[in-house]
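Biologist: I should be grateful for a close look at one part of this structure, taken slowly and with the reasoning set out.

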Amino acid sequence: MDRWNNKVAVVTGASSGIGEDLVKTLVKKNVNVIGLARRIEKMEKIKNDIKNEKGSFHPIKCDISREEDIINAFQWIKKNFKTVDILVNNAGAVDFGLTIESSTEVLKNIIDVNLMGPTFCTREAVKIMRANNTAGHIINIDSILGQNVSFYGTTAANLYSPSKYALKAMSQVVELELEYVKSPTKVTTIFPGMVKTEMPPDAALQTMPYVDAEDISDAIIYALSTPPHVQIKELTITPVPGCQRK
């Protein structure tokens with residue numbers, strides 16, 4: 001991770017779960033992290049908790065479903081930090097109602113947070129990376145539900161799976177486009193199984209195997225730690241089948 005010393009990382013969904021754990025991990029490794037999330041008060045608490053670490057944490061209140069919020073956030077980053085070296089598209093939205101019974105608002109929010117938000121963040125980050133000829137790294141947090149649709153109890157998680165399938169394709173499109181414009185920036189897509197965060201229902205965590213947020217952070221650090229000529233394109237991380245934890 002030495003190549004990222006004092007560099008700038010943007011992490012969406014930074015107020016809890018994978019995002020919170022990753023923020024803490026990166027700051028401890030001397031990275032300057034800008035966190036984007038709606039719950040600014042939670043990020044301020046995180047900032048206070050890690051104020052004595054090597055790097056720094058700068059929370060920005062940002063609704064990833066709103067393009068205007070994203071553009072404003074990246075304008076602030078460009079003005080204050082001049083660069084973006086790492087982007088982790090981590091924010092996610094899920095709904096456990098039936099798609100065939102959902103309101104337009106619910107359906108649009110899932111797509112906006114899981115697909116359009118990461119796309120806008122990637123576009124804005126790449127603008128800054130290209131202007132600085134940065135050999136950056138874009139990491140998209142997908143899901144195993146972006147590989148296979150499944151039904152649990154009474155739900156298939158609505159448009160979560162379709163949005164994550166699309167996020168995988170977006171990663172591939174961006175990788176090809178970066179190659180086309182001769183950018184050295186890498187793209188990695190990570191597919192976690194169930195992670196113990198605020199997202200899964202408690203009943204699922206009580207009856208099914210899961211991994212922890214720090215397990216996903218470890219995978220992100222692994223991808224970031226590869227030398228410039230190595231790219232981890234995709235990484236799937238799941239709990240061991242049948243390993244139910246208390």
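The part in question is named below, and the reply then turns to side-chain pairs.

Biologist: Which residues of helix 1 are buried, and what follows helix 1?

Modeller: The model is a predicted one, and the account begins with helix 1. This helix comprises twelve residues, residues 17-28. At 1.5 Å a residue the expected span is 16 Å, and the end C-alpha atoms lie 17 Å apart, so the expected and modelled lengths agree. Its buried residues are Ile18, Gly19, Leu22, Val23, Thr25, Leu26 and Val27. In general, an α-helix has 3.6 residues a turn, so residues three or four places apart point the same way. After helix 1 comes asparagine 30, which has a positive phi, near 70 degrees.

Beyond the helix, a search of the whole structure for aromatic pairs returns one. Its members are tryptophan 76 and phenylalanine 81, whose ring centres are 5.9 Å apart; with 55 degrees between the planes, the pair is tilted. Tryptophan 76 is partly exposed, because its relative accessibility is 35%. Phenylalanine 81, by contrast, has a relative accessible area of 19% and is therefore buried.

The cysteines complete the account. The search of the whole structure finds zero disulfides. For cysteine 121, the closest cysteine sulfur belongs to cysteine 62 and is 6.3 Å away, which is too far for a bond, since the cut-off is 2.5 Å. Cysteine 121 is buried, at 0% relative accessibility, whereas cysteine 243, at 37%, is partly exposed.

How values were computed. Residues numbered from 1 in each chain as written. Predicted model: local features only at pLDDT ≥ 70, side-chain atom pairs only at ≥ 80, totals over all residues. Heavy atoms only, no water. Phe/Tyr/Trp six-rings, centres within 6.5 Å; stacked < 30°, edge-to-face > 60°. Buried < 20%, exposed > 50% of the residue type's maximum accessible area, 1.4 Å probe, protein only. Helix = DSSP H or I, 4+ residues; strand = E, 2+ residues; numbered from the N terminus. Expected span 1.5 Å × (residues − 1).
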